[in-house]
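Reader: I'm new to reading protein models, and I'd like a close look at one part of this one. Could you pick a helix and walk me through how it sits among its surroundings?

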Amino acid sequence: MSTQPSAPCISLNTAAAVTGRSLRTWQRRVEEGLVPRLVDERGRVLVAFDAVRPALALALNPDEVATLVLADQGDATAQAEVGALFALAALGQAQAEPANFGGG
């Protein structure tokens, strides 16, 4: 069963990209009913962002979620902002972890 989204939603491809889980994993979760199957006006299968949120490595505020939705819809500026957001988060995480050069 498919329904029109009312909450912020993203495509399965975007869910896979931002969580590191495979597209097939998200498809399976939809097929098994673990994540509601939603569609947009173009017929794309979507998932509610709230279903994706637990799988993210960083917390997003409402403005960042809105930007992610715009990026998913093809907005180039939003795509650049989301890319920068995740890159800065990864950089911050890398700086917080001690260097491991494999020495013993």
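Author: Sure, let's start with the whole chain and then zoom in. Of the 104 residues in the protein chain, 32% are buried. Keep in mind that this is a predicted model. The chain has 5 helices and 3 strands, and read from the N terminus, its elements go β-α-α-β-β-α-α-α. If you take the contacts between residues at least 6 apart in sequence, 58% of them link residues at least 24 apart.

The part I'd pick is helix α1, which covers residues 12–19. How much of α1 is buried? The count is 6 of its 8 residues, so the rest of the structure largely encloses this helix. The buried ones are Leu-12, Thr-14, Ala-15, Ala-16, Val-18 and Thr-19. Right after α1 comes Gly-20, which has a positive phi, near 80°.

Now for a partner of α1. When two helices pack, people describe the pair by the angle between their axes and the distance between those axes. For α1 and α2, the angle is about 125° and the axes lie 8 Å apart. An angle between 115 and 145 degrees falls outside the parallel, antiparallel and perpendicular ranges, and α1 and α2 are therefore oblique to each other. Their crossing is right-handed.

Which residues do the touching? On the α1 side they are Leu-12, Asn-13, Ala-15, Ala-16 and Thr-19, and on the α2 side they are Leu-23, Trp-26, Gln-27 and Val-30. Sorted by class, this contact has 6 nonpolar residues, 3 polar ones and no charged ones. You'll recognise Leu-12, Ala-15, Ala-16 and Thr-19 from the buried residues of α1.

Let's step back to the interior. The largest nonpolar core holds 22 residues, and those with the most contacts inside it include Ile-10, Trp-26 and Leu-60. Each of α1, α2, α3, α4 and α5 gives two or more residues to this core. So Trp-26 turns up twice: in α2 against α1, and among the core residues with the most contacts.

Leu-60 is another one to click on: leaving out residues up to four places away in sequence, Leu-60 touches Phe-49, Arg-53, Val-65, Leu-68 and Leu-85.

One last stop is helix α4, residues 62–72, where you'll find Thr-67. Is Thr-67 buried or exposed? Its relative accessibility is 17%, so Thr-67 counts as buried. Setting aside neighbours within four places in sequence, Thr-67 is in contact with Ala-78, Glu-81 and Val-82.

How values were computed:
Residues are numbered from 1 along each chain as its sequence is written. This is a predicted model: local features need pLDDT of at least 70, side-chain atom pairs count only at pLDDT 80 or more; totals for chains, interfaces and linings use all residues. Side-chain values use heavy atoms; hydrogens and water are left out. Buried means under 20% relative accessible area, exposed over 50%, partly exposed in between (1.4 Å probe, protein chains only). Helices (H or I, at least four residues) and strands (E, at least two) are DSSP runs, numbered from the N terminus. Contact means heavy atoms within 4.5 Å. A nonpolar core is a set of buried Ala, Val, Leu, Ile, Met, Phe, Trp, Tyr and Cys residues joined through side-chain atoms within 4.5 Å. Axes are lines fitted to C-alpha atoms, for helices over the stretch in contact, and angles run from 0 to 180 degrees between N-to-C directions. Angles under 35 degrees count as roughly parallel, over 145 as roughly antiparallel, 65 to 115 as roughly perpendicular and the rest as oblique. A crossing is left-handed if the near helix is turned anticlockwise from the far one by less than a right angle, and right-handed if clockwise. Ala, Val, Leu, Ile, Met, Phe, Trp, Tyr, Cys and Pro count as nonpolar, Asp, Glu, Lys and Arg as charged, and the others, Gly among them, as polar.
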